[in-house]
Amino acid sequence: MELLQAPTREYRTWTEDSRRWALYRPRADDIVIATYPKCGTTWTQRIVASLVFKTAEPVTLKDHSPWIDCRFLMSEAQLEKAMASLTHRRFFKSHLPLDGLPLYDQVKYIHVARDGRDAALSWHNHVMGYQPAMTEKLDEIGMKEPLLGKPFPTPHPNPADEFHRWLTESVCDWQSDGFPNTSYFHFQQSWWDQRHLPNLLMLHYTNLKADLPGEIHRLAAFLEIELSASLLDKIVAAASLEAMRRDAAKLTPDIDQIFLGGAQRFLNRGIGGRWKGLYRDEDLALYEDKITHLLTPDCAQWLEQGGPLPRAGDRTTSCPR
């Protein structure tokens with residue numbers, strides 16, 4: 001197996017630490033699901049689990065699909081043991097830009113994108129629902145992390161205020177937005193720039209909602225997994241929001257320890273465009289300005305609208321960032 005690209009940047013936030021990927025020992029059929037927070041990660045994990053195990057019965061995602069860069073679920077020793085002990089085809093979760101991950105030629109990478117305004121609003125609902133114990137855990141991480149040196153930031157009750165902070169503050173000193181995560185714009189462009197790699201599949205939240213059976217077919221073909229019509233029907237049913245909430249006790253059994261309201265908070269509405277009428281005009285203008293200056297035009301258009309990717313060879317030179 002060939003390492004095509006080692007990580008070129010290091011990312012440390014209250015929830016992620018890219019250095020934990022140094023513990024990763026790749027296998028030729030591994031799968032990495034990489035998304036910006038609140039862009040369909042659990043949804044995609046649910047689908048991939050059904051394809052890997054060839055059943056729509058729910059499995060515990062934390063145990064079967066470890067989140068490698070996560071700082072609060074497992075110690076490094078626990079993570080290393082968990083990864084090595086998996087006997088099924090492994091599929092991992094990440095919230096890192098591509099330049100924070102090792103890129104191997106025989107590992108399959110799945111990137112799921114979503115309109116940033118929707119992701120930011122979903123993130124606001126996410127952090128507003130943290131249990132006190134979860135906030136305390138993140139506070140401890142932040143105080144011990146030299147690059148942070150402070151507790152987890154209290155979310156603004158007003159989603160418009162949180163959106164403004166997301167647009168104007170950064171954890172990384174070389175970025176200008178994304179707080180308290182990494183920059184959404186850099187994250188998306190980092191994956192877009194490599195979209196023609198044969199071992200990378202680009203998915204979009206809008207496409208999944210518009211044609212879930214078709215996107216599951218694409219996933220199965222990419223992963224080289226045979227998919228019968230009967231299994232497809234079962235996966236489509238199991239991947240609905242209602243079914244995932246129903247199965248939450250098996251998919252995410254510890255979710256009540258993290259969120260007030262448990263799965264109902266974590267698996268929220270999944271509806272696009274709810275930010276309309278909530279965000280201030282000046283912040284929406286700033287968002288559009290960042291879209292224009294930090295993303296290539298083809299990337300920006302796809303992030304907003306979804307749809308098919310441009311043909312191979314239609315690449316646009318990346319914007320400076």
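**A parallel sheet and its buried charges**

Residue I33 has K93, in strand β3, as its bridge partner, and this pair is a convenient point of entry into the model. Strand β2, residues 31-35, runs parallel to β3 and is joined to it by four bridges; two strands are taken as paired if DSSP finds at least two bridges between them. Strands (E, at least two residues) and helices (H or I, at least four) are DSSP runs numbered from the N terminus. The structure is a predicted model, in which local features need a pLDDT of at least 70 and side-chain atom pairs count only at pLDDT 80 or more, whereas totals for chains, interfaces and linings use all residues. Residues are numbered from 1 along each chain as its sequence is written, and side-chain values use heavy atoms, with hydrogens and water left out.

The wider setting of this pair is an open sheet of four strands, ordered β3-β2-β5-β6 and paired in parallel. Its edges are β3 (91-94) and β6 (200-204), each of which pairs on one side only. From one strand to the next, the twist averages 20° (axes are lines fitted to C-alpha atoms, for helices over the stretch in contact, and angles between N-to-C directions run from 0 to 180 degrees). Helix α1, residues 41-53, packs on the sheet and touches β2, β3, β5 (108-113) and β6, where contact means heavy atoms within 4.5 Å, and its direction makes about 175° with that of β3. Helix α7, residues 184-192, also packs on the sheet, touching β2, β5 and β6, and its direction makes about 135° with that of β5. Along edge strand β3, F91 and K93 point one way and F92 and S94 the other, yet all are buried (under 20% relative accessible area; exposed is over 50%, and partly exposed in between, with a 1.4 Å probe and protein chains only).

Charged side chains offer a second route through the fold. Side chains of opposite charge can pair when their charged atoms come close. The whole structure contains 21 salt bridges, each a side-chain nitrogen of Lys or Arg within 4 Å of a carboxyl oxygen of Asp or Glu. One of them joins R12 and E145, at 2.9 Å from N to O. Because R12 lies in the loop between β1 (3-5) and β2, and E145 in the loop between α5 (132-144) and α6 (159-168), the pair ties together parts that are 133 residues apart in sequence. R12 is buried at 16% relative accessible area, as is E145 at 2%. Both belong to a network of salt bridges that links E10, R12, D17, R19, R71 and E145.

A further salt bridge, D247 with R46, has an N to O distance of 3.6 Å and links distant parts of the chain, with D247 in the loop between α11 (241-246) and α12 (248-251) and R46 in helix α1, 201 residues apart. D247 is buried at 11%, and R46 at 2%. Within helix α6, by contrast, R165 and E162 form a salt bridge whose closest N and O atoms are 3.0 Å apart; being three residues apart, these two are separated by about one helical turn, and both are buried.

Disulfides, pairs of cysteine sulfur atoms within 2.5 Å, number zero in the whole structure. For C70, the closest cysteine sulfur is that of C39, 17 Å away and therefore too far for a bond; C70 is buried, at 1% relative accessibility.

As for confidence, the protein averages a pLDDT of 90, on the predictor's per-residue scale from 0 to 100, and 93% of the residues score at least 70. Over residues 312-321 the pLDDT is below 50, although this stretch has 27 contacts in the model beyond near neighbours in sequence.
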